[in-house]
Amino acid sequence: MVAAEACLPLPDNVDLDIGALVEPLAVGWHAVDASPIAELKEPKCVVFGGGPIGLATIQCLRARGAKLVICVEVAKRRQEFAKDFGADYVIDPTKEDVVSKALELAGGYIPPDLAFDCAGVPQSLETACKVVRSRGTVVNVAIWEKVRAFF
């Protein structure tokens, strides 16, 4: 529950279905803004999770000029959404090695610069740390209350 004084009403001209997008977009924008994307010439990025926050992060990366956006997602429908929302490639971690495939997609020599964990499972955060280049950045967008399987 949220206290009433912590809530803001939507203006009359904003439908509830549009208002529902405010939180994921705000989280995605904040995550991208917290990364050093502005300092990178042609950022190559990996987003773990194709749910609402992962999709918002993909769109924010595109808006901030990411050269390459890879999404890592298990669910087929979310994989399709990730492509529709701007991911260049989608990796299914149950079928491919994420680290080697991301390296290949990034050009084969230098791994991606940034990784965003929007899946909220330990395996995605661990893989995010392995997928970025040396001195790359991992942004932990999601957090988990208990350990659960991802891939």
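Asp33 makes a convenient starting point in this predicted model: with a relative accessibility of 46%, Asp33 counts as partly exposed. Its partner is Arg64, and the two side chains form a salt bridge in which the closest N and O atoms are 3.1 Å apart. Asp33 belongs to helix 2, whereas Arg64 sits in the loop between helix 3 and strand 2 (68–72), so the pair ties together parts that are 31 residues apart in sequence. Arg64 is also partly exposed, its relative accessible area being 26%.

The loop that holds Arg64 takes part in another pairing. Here Glu42 and Lys67 meet through their side chains in a salt bridge, at 3.5 Å from N to O. This pair links distant parts of the chain, with Glu42 in the loop between helix 2 and strand 1 and Lys67 in the loop between helix 3 and strand 2, 25 residues apart. Glu42 counts as partly exposed at 46% relative accessibility, and Lys67 is partly exposed at 47%. Gly65 is found in the loop between helix 3 and strand 2 as well. This glycine is partly exposed, with a relative accessible area of 42%. From Gly65 to Gln123 there are 58 residues in sequence, and their C-alpha atoms lie 28 Å apart in space.

How many salt bridges does a search of the whole structure find? The total comes to 9. One of them joins Glu96 to Lys101, with 3.7 Å between the closest N and O atoms. Glu96 is partly exposed at 33% relative accessibility, and Lys101 is partly exposed at 22%. These two residues belong to a network of salt bridges that links Glu96, Lys101 and Glu104. As background, side chains of opposite charge can pair when their charged atoms come close.

Lys44 offers a contrasting case. This lysine has its place in strand 1, which covers residues 44–48. Lys44 is buried yet has no salt bridge. Which side chain of opposite charge is nearest to Lys44, and how far away is it? The answer is Asp113, at a distance of 6.4 Å. A salt bridge requires a side-chain nitrogen of Lys or Arg within 4 Å of a carboxyl oxygen of Asp or Glu, which means that a separation of this kind does not qualify. Asp113 is nevertheless among the residues that Lys44 touches, and the others are Leu68, Ala106, Pro112 and Leu114, not counting residues up to four places away in sequence.

Asp113 and Leu114 appear again around Leu40. This leucine lies in the loop between helix 2 and strand 1, and is partly exposed with a relative accessible area of 22%. Leaving aside neighbours within four places in sequence, Leu40 is in contact with Asp113, Leu114 and Arg133. Ile58 is 18 residues from Leu40 along the chain, and 17 Å separates their C-alpha atoms.

Attention can now turn to the largest pocket, which holds about 160 Å³ of space. Its lining is made up of Leu21, Pro24, Leu25, Pro52, Leu55, Ala56, Gln59, Phe81 and Phe85. Two elements give two or more residues to this lining, namely helix 2 (22–34) and helix 3 (52–63). Helix 3 gives the most, with 4 residues. In character, the lining divides into 8 nonpolar residues, 1 polar residue and no charged ones.

Gln59 is one of the lining residues and lies in helix 3. Is Gln59 buried, exposed or partly exposed? At 37% relative accessibility, Gln59 counts as partly exposed. Beyond its neighbours within four places in sequence, Gln59 is in contact with Leu25 and Phe85, and both of these residues also line the largest pocket. Gly107, by comparison, is 48 residues from Gln59 in sequence and 22 Å away in space, C-alpha to C-alpha.

A last point concerns the backbone. Most residues other than glycine have a negative phi. Arg135 has a positive phi of about 65 degrees although it is not a glycine. Arg135 lies in the loop between helix 6 (122–131) and strand 5 (137–140). Arg135 is exposed, with a relative accessible area of 79%.

How values were computed. Residues numbered from 1 in each chain as written. Predicted model: local features only at pLDDT ≥ 70, side-chain atom pairs only at ≥ 80, totals over all residues. Heavy atoms only, no water. 1 Å grid on protein atoms, 1.4 Å probe; cavity = no way out; pocket = protein on both sides within 12 Å on 5 of 7 lines; lining within 4 Å. Points joined across faces, edges and corners; volume = space filled by probe spheres on them. Nonpolar A, V, L, I, M, F, W, Y, C, P; charged D, E, K, R; others polar. Buried < 20%, exposed > 50% of the residue type's maximum accessible area, 1.4 Å probe, protein only. Lys, Arg positive; Asp, Glu negative; His and termini not counted. Contact = heavy atoms within 4.5 Å.
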